[in-house]
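Welcome, and please have your viewer ready. We will go from stop to stop, selecting residues and looking at what is there.

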Amino acid sequence: MGTNKEFDTLIVGAGLLGSSTAYHLARLGAKNIAVIDADLAGRLSSSELNAGGARATWDQSLNVQLARDSIEFFRAHRDITGYRDCGYLWMFDPSKWQEAQNRAKFLKEKHSIDVDVLDVPSLRNKVPFIDKTDDLAGATFSPLDGLFNPNLLKTYFRDEARRLGVEFLEGHRVKQVSFPRADHVDITCELIPPKNENELKEFFEHDPAILQKNTGSTILISGKKLVNAAGPWASRLAKLIGYETPVYALRRQVSIFDVRGFDMSSYGMMVDTSGVYFHPEATNILAGYADHEEPKGWNLSYDGESFFQEKIWMPLYNRSSKFEQIKHLTGWGGLYEVSPDQMGVLGAVEGFANVFENHGYSGRGAMQSYSAGRGLAELMQTGKFQTLDLAGMSGDRFRTGKLLPEGLLI
């Protein structure tokens with residue numbers, strides 16, 4: 001075993017949530033922090049493979065507050081986030097239209113967020129290329145929502161955290177977690193060599209407890225506090241720590257395609273009644289779909305042309321004549337970390353004096369990462385939430401039944 005390393009705070013998972021937590025802890029004066037990850041580049045992480053949308057339009061007030069505060073940061077720092085407030089357009093059929101109008105009223109009255117409610121003629125006037133509308137009752141448009149660059153944001157969190165003394169440990173696979181005493185945690189890590197993407201896919205799709213390919217030496221890393229920010233792998237880490245979380249991994253696939261002669265760059269995120277979402281991506285268009293028949297688990301593959309033809313192209317063909325002839329270019333599979341009520345899990349872990357968690361955001365971890373990291377850092381450093389009261393997000397809600405179900409999901 002290699003030389004031991006000693007820290008005060010250990011964060012496992014260097015994605016947006018882990019990096020944000022480290023950044024905010026350091027800003028609050030915490031010292032001697034380490035962030036541990038098997039692949040700091042995050043080539044297969046949710047932070048790198050998400051669609052880059054950011055919206056404050058939600059059913060749950062906590063989601064509204066988390067996203068709104070993050071978006072305010074994105075907007076105020078466009079140079080480091082790439083934020084563009086180009087809006088979210090949601091289309092609704094008659095069965096969902098009254099609910100959509102009620103949501104717009106709720107957001108205005110409770111959170112002072114303006115959402116435009118559009119009938120079909122107004123929708124077609126605003127977005128002329130949406131020209132197949134017989135099944136629609138209307139749409140909502142939230143102009144202050146938009147798109148950002150998750151990689152730029154993660155880089156900012158890390159650079160600032162490093163400037164404040166945080167260490168990021170590359171190529172460390174967590175193999176064992178133990179608590180020699182109540183205020184101390186030991187993590188045994190295997191030092192793994194750099195891997196290509198195929199090797200990474202095999203590595204991340206298998207349970208490390210089963211995949212015993214010992215390719216490096218081990219090192220013991222010790223600390224006083226531990227944070228589970230392992231994203232889609234949070235349930236694996238939880239088992240190593242000694243607790244259970246109902247959060248699970250679920251594949252989501254995204255396609256990139258070209259529409260000759262059509263420039264979508266002046267528009268933002270759009271969500272069709274089919275569940276397909278799409279937005280401009282450089283000179284092309286990115287589109288994704290959450291397949292509700294997708295089995296749980298760590299599947300990072302992309303189904304390619306069959307997925308694109310069935311799940312993406314057909315719904316878009318039925319929505320716009322512009323999409324009748326499009327060219328599939330590429331795509332990828334990534335992972336959501338999904339909780340039973342589709343709400344993030346943030347706070348102290350029951351039964352432990354020094355274990356915290358920040359994961360399970362069910363597809364919105366990137367857009368809420370700034371304020372979620374801030375909230376957990378406040379709790380860890382001061383003993384209570386300061387800016388937003390996030391106590392309801394604690395993982396013990398799954399035991400008590402005090403769930404926070406979110407309904408406006410992609």
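How many cavities of 30 Å³ or more does the structure hold? The structure holds 2 of them. Here a cavity is a set of points, on a 1 Å grid over the protein atoms alone, where a 1.4 Å probe fits but cannot get out, while a pocket is an open set with protein on both sides within 12 Å along at least five of seven lines; lining residues have an atom within 4 Å of a point. Grid points are joined across faces, edges and corners, and a volume is the space filled by probe spheres set on the points.

Before you click, two notes. This is a predicted model, in which local features need pLDDT of at least 70 and side-chain atom pairs count only at pLDDT 80 or more, whereas totals for chains, interfaces and linings use all residues. Residues are numbered from 1 along each chain as its sequence is written, and side-chain values use heavy atoms, with hydrogens and water left out.

**Stop 1: the second largest cavity**

Select T57, W90, F92, A100, R103, A104, L107, V115, T140, S142 and L408, which line the second largest cavity. About 80 Å³ of space lies inside that cavity. Strand 5, helix 5 and strand 7 (138–142) each give two or more residues to its lining; helices (H or I, at least four residues) and strands (E, at least two) are DSSP runs, numbered from the N terminus. Helix 5 gives the most, with 4 residues. By class, the lining has 7 nonpolar, 3 polar and 1 charged residues. In this scheme Ala, Val, Leu, Ile, Met, Phe, Trp, Tyr, Cys and Pro count as nonpolar, Asp, Glu, Lys and Arg as charged, and the others, Gly among them, as polar.

**Stop 2: the largest pocket**

Keep helix 5 (94–111) on display and add strand 5 (88–92), strand 14 (248–258) and strand 18 (327–338): each supplies at least two residues of the lining of the largest pocket. This pocket has a volume of about 640 Å³. Now pick W90, H292, G407, L409 and I410, the closest to its centre of the 28 residues that line it. The largest share of the lining, 4 residues, comes from helix 5. Colour the lining by class and you should find 12 nonpolar, 8 polar and 8 charged residues.

**Stop 3: the second largest pocket**

Next comes a pocket with a volume of about 290 Å³, the second largest. To find its centre, select A51, F148, N149, H279 and E281, the closest to that point of the 19 lining residues. Helix 2 (46–49), helix 7 (150–163) and strand 16 (277–281) give two or more residues to this lining. Its residues divide into 9 nonpolar, 7 polar and 3 charged.

**Stop 4: helices that pack together**

Show helix 1 (residues 16–27) with helix 7: they pack at an angle of about 30°, with their axes 8 Å apart. Axes are lines fitted to C-alpha atoms, for helices over the stretch in contact, and angles run from 0 to 180 degrees between N-to-C directions. In helix 1, L16, S19, S20, A22 and Y23 meet helix 7 residues including L153, Y156 and F157; contact means heavy atoms within 4.5 Å.

Now swap helix 7 for helix 11 (residues 369–382), which packs against helix 1 at about 50°, with the axes 7 Å apart. That makes helix 1 oblique to helix 11, as angles under 35 degrees count as roughly parallel, over 145 as roughly antiparallel, 65 to 115 as roughly perpendicular and the rest as oblique. By class, this contact has 9 nonpolar, 6 polar and 2 charged residues.

Finally, bring in helix 3 (residues 61–76), which packs with helix 11 at an angle of about 110°, their axes 7 Å apart. Helix 3 and helix 11 are therefore roughly perpendicular to each other. Select L66, A67, D69, S70, F73 and F74 in helix 3 to see what meets S369, Y370, S371, A372 and R374 in helix 11.
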